[in-house]
Amino acid sequence: MDVRVQEAAFDLGSEANAFVAKQSGMGAVVTFTGIVRDLDGARLSTMEIEHYPGMTQKALDTIANEAASRWNLGDILIIHRYGMLHPDDLIMMVATAARHRADAFQAAEFLMDFLKSRAPFWKKEVTEAGTDWVAARDEDEDALSRW
Amino acid sequence: MDVLYFAWVRERIGLPKERIDTPPATVMDLVNELRAREERYEAAFADLGALRVAVDQELSDFDAPLAGAREVAFFPPMTGG
């Protein structure tokens, strides 16, 4: 299991290849990548991601351990960035490895649902019109109840 | 005990962190103590439904006790991923 909270950019291809290369006996790897998208109507210049340094790593470890206990997984990778990002930058990725794809897909979805509303990150959008903290959506909180 | 603020809570109060020498009994007591101080605290804590709290870096509740706690953090609902 590898959980990283970092300011630096990461290379999706290298990370995915390295993750696959260190598995053995795993028939499935699922990856998900979150990307900064531009806004409708207002041009996004920057997305600032703030986090709670003391808590972030622990919260992500807890979420990853929970996934590992629920599904038959070989490995988990989580990378989540903070700091100043721009449209089309990669924000985060998760990868799951399992013998069979159902475990890998479900665990990746579970990780994403919990990262959305249980990992202490906050996004602020900076546009020409001003700055706005991104509000949590009710759907994101509701998504947790299916697990 | 350290009290930490993040995102718009930090912006509204105007500081990221402060020290409280005598910790109140519960998170709610701490909130009430802070609200009574100044308008900027009142503004930050006006709608508790829009806030989350962590005690010693674990998500918690407003009725949680603070005995022995070293760190309390207030922030809006998280938007990771």
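**Group meeting: helix α2 of chain B, and what surrounds it**

I'll start with helix α2 of chain B, residues 27-35, where Val27(B), Leu30(B), Val31(B) and Leu34(B) are buried. Looking down the axis of α2(B), the buried residues fall within an arc of 100°, so they line one face of the helix. I should say now that this is a predicted model.

What does that buried face pack against? The buried residues of α2(B) pack against four elements of chain B: α3 (39-44), β3 (52-55), β4 (58-60) and β5 (71-75).

Now chain B as a whole. Its secondary structure comes to 3 helices and 5 strands. Reading from the N terminus, the order of elements is β-α-β-α-α-β-β-β. The radius of gyration of chain B is 12 Å, close to the 12 Å that the globule rule gives for 81 residues, so chain B is as compact as a globular protein of that length. Its C-alpha trace spans about 30 × 30 × 20 Å along the principal axes. Of the 81 residues in chain B, 30% are buried. As for contacts in chain B with a separation of 6 or more, 56% of them come from residues 24 or more positions apart.

Next, the contact between the two chains. How many residues does each chain give to it? Chain A gives 21 residues and chain B gives 13. On the chain B side, α1 (7-13) and β5 each supply at least two of the residues that touch chain A. By type, the residues on that side of chain B divide into 9 nonpolar and 4 polar, with no charged ones. β5 of chain B has come up twice, then: the buried residues of α2(B) pack against β5, and β5 supplies at least two residues of the side that touches chain A.

Last, some strand pairing in chain A. Strand β7 of chain A, residues 121-127, runs antiparallel to strand β3 of chain A, residues 44-51, and 7 bridges join the two. Which residue of β7(A) is the bridge partner of Ile49(A)? That is Lys123(A).

β7(A) also pairs with strand β8 of chain A, residues 130-133, again in the antiparallel sense, over 4 bridges. These two strands, β7(A) and β8(A), form a hairpin with 2 residues between them. Within this pairing, Thr127(A) stands opposite Gly130(A) in β8(A). So much for the strands in chain A.

How values were computed:
Residues numbered from 1 in each chain as written. Chains lettered and ligands numbered in written order. Predicted model: local features only at pLDDT ≥ 70, side-chain atom pairs only at ≥ 80, totals over all residues. Buried ≥ 20, exposed ≤ 12 C-beta atoms within 10 Å, placed from the backbone. Arc of directions from axis to C-beta. Contact = placed C-beta atoms within 7 Å. Nonpolar A, V, L, I, M, F, W, Y, C, P; charged D, E, K, R; others polar. Rg over C-alpha atoms; globule rule 2.2 N^0.38 Å. Pairing = 2+ DSSP bridges.
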